[in-house]
Amino acid sequence: MSRQIKLIWDFHGPASAKTAEHHEIHLKEFIAIEKLPISITGFEIKDEMHAIAFIVVNDEQMIPMRDALKPHRGELYMP
């Protein structure tokens with residue numbers, strides 16, 4: 001089984017939760033438009049001033065997705 005990578009976008013400030021939630025909508029739209037076999041997306045509120053949106057891709061998909069979507073960072077995904 002190939003590794004899974006969590007591509008992450010960080011949002012800061014009082015509107016970070018709403019911004020991360022909205023960013024996930026755009027990630028889902030991108031997946032649908034490109035007909036990608038990706039099913040894991042989400043957003044998490046870290047605290048009142050920091051939230052993230054993310055997409056989980058396979059190791060082989062990481063570089064094309066990174067180049068297309070420009071995430072802020074990535075990490076290994078452990079479900």
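These are my notebook entries on strand 3 and Ser 16 in a predicted model.

**Entry 1: strand 3**

I looked up strand 3, which covers residues 50-58. Is this strand mostly covered or mostly open? I found eight of its nine residues buried, so I noted the strand as mostly covered, taking buried to mean under 20% relative accessible area.

**Entry 2: the partners of strand 3**

I then checked which strands pair with strand 3. Strand 1, residues 4-12, is joined to strand 3 by nine bridges, and the two run antiparallel. As one pair to find on screen, I wrote down Phe 11, whose bridge partner in strand 3 is Ala 51.

Strand 2, residues 41-47, also runs antiparallel to strand 3, with six bridges between them. Here I picked out Phe 43, which has Ala 53 as its bridge partner in strand 3. I followed the chain from strand 2 into strand 3 and found a hairpin, with two residues making the connection.

I added a general reminder: side chains in a regular strand alternate between the two faces of the sheet.

**Entry 3: Ser 16**

Next I looked up Ser 16, which lies in helix 1, residues 16-34. Is Ser 16 buried or exposed? Its relative accessibility is 1%, so Ser 16 counts as buried, the cut-off being under 20%.

I asked which residues Ser 16 is in contact with, leaving aside neighbours within four places in sequence. I listed Phe 11, Glu 48, Met 49, His 50 and Ala 51. Two of these names, Phe 11 and Ala 51, were already in my notes as bridge partners.

Last, I looked at the side chain of Ser 16: one of its polar atoms lies 3.0 Å from the backbone oxygen of Gly 13.

Technical notes
Residues numbered from 1 in each chain as written. Predicted model: local features only at pLDDT ≥ 70, side-chain atom pairs only at ≥ 80, totals over all residues. Heavy atoms only, no water. Buried < 20%, exposed > 50% of the residue type's maximum accessible area, 1.4 Å probe, protein only. Helix = DSSP H or I, 4+ residues; strand = E, 2+ residues; numbered from the N terminus. Pairing = 2+ DSSP bridges. Polar contact = N/O pair within 3.5 Å; in protein donor to acceptor, adjacent residues only side chain to side chain. Contact = heavy atoms within 4.5 Å.
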